[in-house]
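Reader: I've never looked at this one before. Could you walk me through it, one question at a time?

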Amino acid sequence: MNDTHRPTGPDATSQTERVIVTLREMVLRGDFRPGERLAELTLVPRLQASRTPVRLALDRLAHEGLLEAVPSGGFRIREFAIADIWDAIEVRGVLEGTAARLAAERLTSLDDLSRLQRCCRDMERLYPMDAAQAAKYFEIDGVFHAELRRLAKSAILVRTIEGVIGLTFAASAAFILGEGQSTEGRHVGFIAIEYHRAILEAIEHRQGTRAESLAREYSRMARRNLVRAAQDKELFRRVPGASLIRMPAGQSSR
Amino acid sequence: MIDQRGNASTPTSQTERVILTLREMLLRGEFAPGERLAELTLVRRLNASRTPVRLALDRLAREGVLEALPAGGFRVREFAIADILDAIEVRGVLEGTAARFAAERLTEPDDLLRMRVFCRDSEQLMPMTLENFVRYVEINDAFHAELWRLAKSPMLIRAIEGLIALPFASPGALVFANPDTDEPTNLAILALEHHRGIVDAIANREGTRAEAIAREHARLARRNLTSALNDRELFNRMPGASLVRLPVPIGAL
């Protein structure tokens, strides 16, 4: 541990953040093979960083689930079965559903819904969607769901969601890359917008159970997107994180 | 559980030792909620080099017992009663999902044997005494761990583990409240009825029912907490209690 002992402060923090972002990108882009061991000393020159930020980044990505700690020390790239990704999407749906339910139960004033209303309006304008509009859609989708989590007024729920969100990486990218153009993709876009409108309406009327089921079902669309993308090998290879997913020979859902 | 190999030869085992020690110190209440933790002081106090201390601080921040300050550094997180209630609610949602998955994914009815044994074992412990209660909490933990296993979802287990890193969020965060009344026995009877209902629903592949019962089951912890709040000494026996800021005067929710 003969590290350059830099003070803990904004500089050290931002170096660590940079290393985390870069390493995460490298892993999702497929720069390493699943199961490959990551040597701290190799990463130090490759990421142009000192050892402590590299160790912190490895630890963080292990926490996100992209790496796994090796019992004898060190880390290796995790390999996911497609079932793990379905699972992550399902668990995320349950948690986003809880956020929607709590938002409905804990709503104090209808004025608190203005940001969600704006998101819905902005989404509707994107229809019909091409690839560029699909990318924009996911941006607004991100704002909508962040706002939903804020309205749930539960710091602990937000923490829990953040813990699984990293593993649903592939789903929205698959949609943007592949689906915007096809007829089926256009339908998917339309249905997705409808889900958001309905979730908003359910919260407005404090229909907790309805808001929860809608948000759960919406997350299953992510699964459909990924199933469809997986049928096109060329396309699937471009999805971030695809290299970490082991596909069965005959692709199907559970 | 401190590493008995002593001199912590490899960086990993030194880091693990520091994480364990610091976590224990925090849960024992050696720092006040909101207190800032200075890296250099910890280096001396934990007798470790700076990198393991940095790693430990980062890890405990992710577990939720510390919070990272925007300007750098960390402080001890302070929880309100509302956060515990929230943690219980979120645990109910996750365990409800575990119960539903278990129902949907059950292949062999025999897979429920262990849960049935745990139900029978906890029935033997009624009426509840303090000695029985200790054993009861153990069986209860085992029941819940078995439920998570039957969900067959590593992702769900990750989410649950992330949550119960906050000790007061775990299914074992129970106290023996109001010992001179029927309350401990009554709560245990209700809990057993829930456990039996969950097993029955899973056996019949009734996913929705299993989920609803498991959610409701978590709310028993809320009742237990309400009783604990009437007695500060009792409350302090709850795992993670030192991180919680209590309203003054301590009383009803």
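Author: Sure, and one term before we start: helices here are DSSP runs of H or I with at least four residues, numbered from the N terminus. Keep in mind that this is a predicted model.

Reader: Then how confident is the predictor in chain A, and what share of its residues reach 70 or more?
Author: The mean pLDDT of chain A is 84. As for the share of residues in chain A that reach 70 or more, that's 85%.

Reader: Which element of chain A has the lowest mean pLDDT, and which the highest?
Author: At the top end sits helix α5 (residues 114-125) of chain A, with a mean of 96. At the bottom end, with a mean of 63, is helix α8 (residues 169-178) of chain A. So the names you want, highest then lowest, are α5 and α8 of chain A.

Reader: Where in chain A does pLDDT stay under 50?
Author: Look at the start of the chain, where the model has 16 contacts beyond four places in sequence for the stretch in question. That stretch of chain A is residues 1-8.

Reader: How is chain A divided into domains, and how many residues does each give to the contact?
Author: The domain assignment gives domain 1 (10-78) and domain 2 (82-246) of chain A, and their C-alpha centres lie 28 Å apart. On the side of domain 1 of chain A that touches domain 2 of chain A, there are four nonpolar, two polar and three charged residues. The contact takes seven residues from domain 2 of chain A, and from domain 1 of chain A, nine.

Reader: And chain B: what separates the centres of its two domains?
Author: Chain B is divided into domain 1 (11-77) and domain 2 (80-245). Their contact takes eight residues from domain 1 of chain B and eight residues from domain 2 of chain B. Taken over C-alpha atoms, the separation of the two centres in chain B is 30 Å.

Reader: Which strands stand at the edges of the sheet in chain A, and why is one side of each left without a neighbour?
Author: The open sheet has three strands in the order β1-β3-β2 (chain A), with antiparallel pairing. Each edge strand has a single partner strand, so one side of it is left without a neighbour in the sheet. Those edge strands are β1 (37-38) and β2 (67-69) of chain A.

Reader: What is the bridge partner of Leu67(A)?
Author: Three bridges join β2(A) to strand β3 (residues 75-77) of chain A, and the two strands run antiparallel. Within β3(A), the partner of Leu67(A) is Ile77(A).

Reader: Which helix packs on that sheet in chain A?
Author: The helix touches β1, β2 and β3 of chain A. Its direction makes about 105° with that of β2(A). The helix is α3(A).

Reader: In the sheet of chain B, what stands opposite Glu67(B)?
Author: Chain B has an open sheet of three strands in the order β1-β3-β2, with antiparallel pairing. There, β2(B) and strand β3 (residues 74-76) of chain B pair over three bridges. Opposite Glu67(B), in β3(B), stands Arg75(B).

Reader: Which element supplies the largest share of the side of chain A that touches chain B?
Author: The contact takes 31 residues from chain A and 30 residues from chain B. On the chain A side, α1 (10-29), α3 (51-64), α4 (82-106) and α7 (155-165) each supply at least two residues. The largest share, seven residues, comes from α7(A).

Reader: At what angle do α7(A) and helix α7 of chain B cross?
Author: In this contact, Thr160(A), Gly163(A) and Val164(A) meet residues of α7(B), including Met155(B) and Arg158(B). α7(A) passes α7(B) in a right-handed crossing. Their axes come within 9 Å, and the crossing angle is roughly 145°.

Reader: Which peptide bond is cis?
Author: Most peptide bonds are trans. The proline to look for, Pro127(B), is found in the loop between α5 (113-123) and α6 (130-150) of chain B. With omega near -10°, the cis bond runs from Met126(B) to Pro127(B).

Reader: What is phi of Gln48(A)?
Author: Most residues other than glycine have a negative phi. Gln48(A), in the loop between α2 (40-47) and α3 of chain A, has a positive value, near 50°.

Note on methods: Residues numbered from 1 in each chain as written. Chains lettered and ligands numbered in written order. Predicted model: local features only at pLDDT ≥ 70, side-chain atom pairs only at ≥ 80, totals over all residues. Domains from an automatic or database assignment. Contact = placed C-beta atoms within 7 Å. Nonpolar A, V, L, I, M, F, W, Y, C, P; charged D, E, K, R; others polar. Pairing = 2+ DSSP bridges. Axes fitted to C-alpha atoms, helices over the stretch in contact; angles between N-to-C directions. pLDDT = per-residue confidence, 0-100. Left-handed = near helix turned anticlockwise from the far one by under 90°.
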